[in-house]
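Open the model in your viewer and keep the selection box handy. We will walk from one stop to the next, picking residues as we go.

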Amino acid sequence: MKSFLLIAIFWFTYLTAQAQETPTKNFEDTLKIKRDTTYWQKSFSGGVNFNQASFSNWVGGGVNSTALGLVVSSRALYEKGKTSWDNIGDFQLGYIKQRGTSRKAADQLFINSVFGHKVAPKWDIFMSGTFNTFFAPGYQYDKLPVNTGRQRISGFLAPAQLTLAWGAAYRPNDWFSLRVSPFAPRLTFVTDDAVRVSKGADGITRPDLTAKAFGVEAGKTVRTEWLALQLQAALNKNVTDNININARYQMFANYQTLDAIDHRIDLIATAKINKYLSTTLGIIALFDKDFSKDWQFQQTLAIGLLYNTTTFRKK
């Protein structure tokens, strides 16, 4: 009888333990399967701009035209403990149509990703990747040979630049960062030989498959600059509830050609008129001797529909 009671107690204890252990394991498994996304902060801003003008027997003159533009700015920031991963994407594409002919008015594809580890309250060590190119072909319409309406001078991956960088970053808050990279190799791609042109003594631009394009030699599709310094400054801040400033500065210096330092400035300012309407100002300033001997500028100003959402927490 005693043996039976001991066996019964042992068996009951075992079953009880199993009954308690199984839900615990299932609960732990559930926690492992369910992803924790609370470390992510995200923002998205997208705008569509449309402009139209038409004339009929107008003595003041004018040309019928329509213009359509798209501007998108997005960001995803992951922060957990001392680890951060900041991702930014800025995209612009716009066209204007006059007299049945469409021309590109704005074009940009820019992606930046930075993985950092905090070593001090406001300092990180990081590695980053930056990629930029165009969405659509770009053309030159003047100073061309007779009977030539346009000449392709750019396009998707023609050119494109990919810069990898390692260094130290100063991040006093979530909306500003300054990064210095003493080692920042850059790859420049030209995958379409149609953009290879040369300008003659008469100032006329002609196709030339033997010409260097954006620093890439003829017969090649990529140029690699291994030893280089990069400086990046980024600011993305809501100045008020209705105004956002997204600005970047990049400096790239090849140690072998320090007399040809590249500079790039990007600015997108968005002001909300009401819940659905906004005004967007976009400016790009670029100095790169492989592209042009002079500063290059692109400026757009438009009013259109806006969609804006964010999960960034105020600190």
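Start by selecting R223, which is partly exposed because its relative accessible area is 23% (buried means under 20%, exposed over 50% and partly exposed in between, with a 1.4 Å probe and protein chains only). Now add E225, which is buried at 4%. The side chains of E225 and R223 meet in a salt bridge, 3.6 Å from N to O; the term covers a side-chain nitrogen of Lys or Arg within 4 Å of a carboxyl oxygen of Asp or Glu. Extend the selection to R186, D262 and D290, and you have one network with R223 and E225, joined by salt bridges that share partners.

Before moving on, a word on the numbers: this is a predicted model, in which local features need pLDDT of at least 70 and side-chain atom pairs count only at pLDDT 80 or more, while totals for chains, interfaces and linings use all residues. Residues are numbered from 1 along each chain as its sequence is written, and side-chain values use heavy atoms, leaving out hydrogens and water.

**More salt bridges**

Stay in the network and zoom in on D262 and R186, whose side chains form a salt bridge at 2.8 Å, N to O. D262 belongs to strand β16 (residues 262-272) and R186 to strand β10 (residues 186-189), so the pair ties together parts that are 76 residues apart in sequence. Strands here are DSSP runs (E, at least two residues), numbered from the N terminus. Are these two buried or exposed? Both D262 and R186 are buried. For another salt bridge, select D202 and R206, at 3.0 Å from N to O. The structure holds 16 salt bridges.

**Rings**

Next, show the aromatic side chains. How many aromatic pairs does a search of the whole structure find? There are 11, where rings of Phe, Tyr and Trp (its six-membered ring) pair if their centres lie within 6.5 Å, and planes under 30 degrees apart count as stacked, over 60 as edge-to-face and the rest as tilted. Pick W123 and Y170: this pair is tilted, 5.3 Å centre to centre with 50 degrees between the planes. W123 is in strand β5 (residues 123-133) and Y170 in strand β8, so the pair ties together parts 47 residues apart in sequence. Then select Y39, W40, Y78 and W85, which ring pairs link into a cluster.

Two rings also have a charge over them (NZ of Lys or CZ of Arg within 6 Å of the ring centre and within 35 degrees of the ring normal). R248 lies over the face of F110, 3.7 Å from the ring centre, and the charged end of K104 sits over F134, at 5.2 Å.

**Two loops**

Go to R171, in the loop between β8 (160-170) and β9 (176-183). R171 counts as buried because its relative accessibility is 11%. Among the residues R171 touches, leaving out those up to four places away in sequence, are L77, E79, K118 and D124; contact means heavy atoms within 4.5 Å.

Now select G149, in the loop between β6 (138-140) and β7 (151-154). G149 is exposed, with a relative accessible area of 58%. Beyond its neighbours within four places in sequence, G149 is in contact with Q140, Y141 and L144.

**Last stop**

Finish with L227, in the loop between β13 (222-225) and β14 (228-238). L227 is partly exposed, at 48% relative accessibility.

Technical notes: Helix = DSSP H or I, 4+ residues; strand = E, 2+ residues; numbered from the N terminus.
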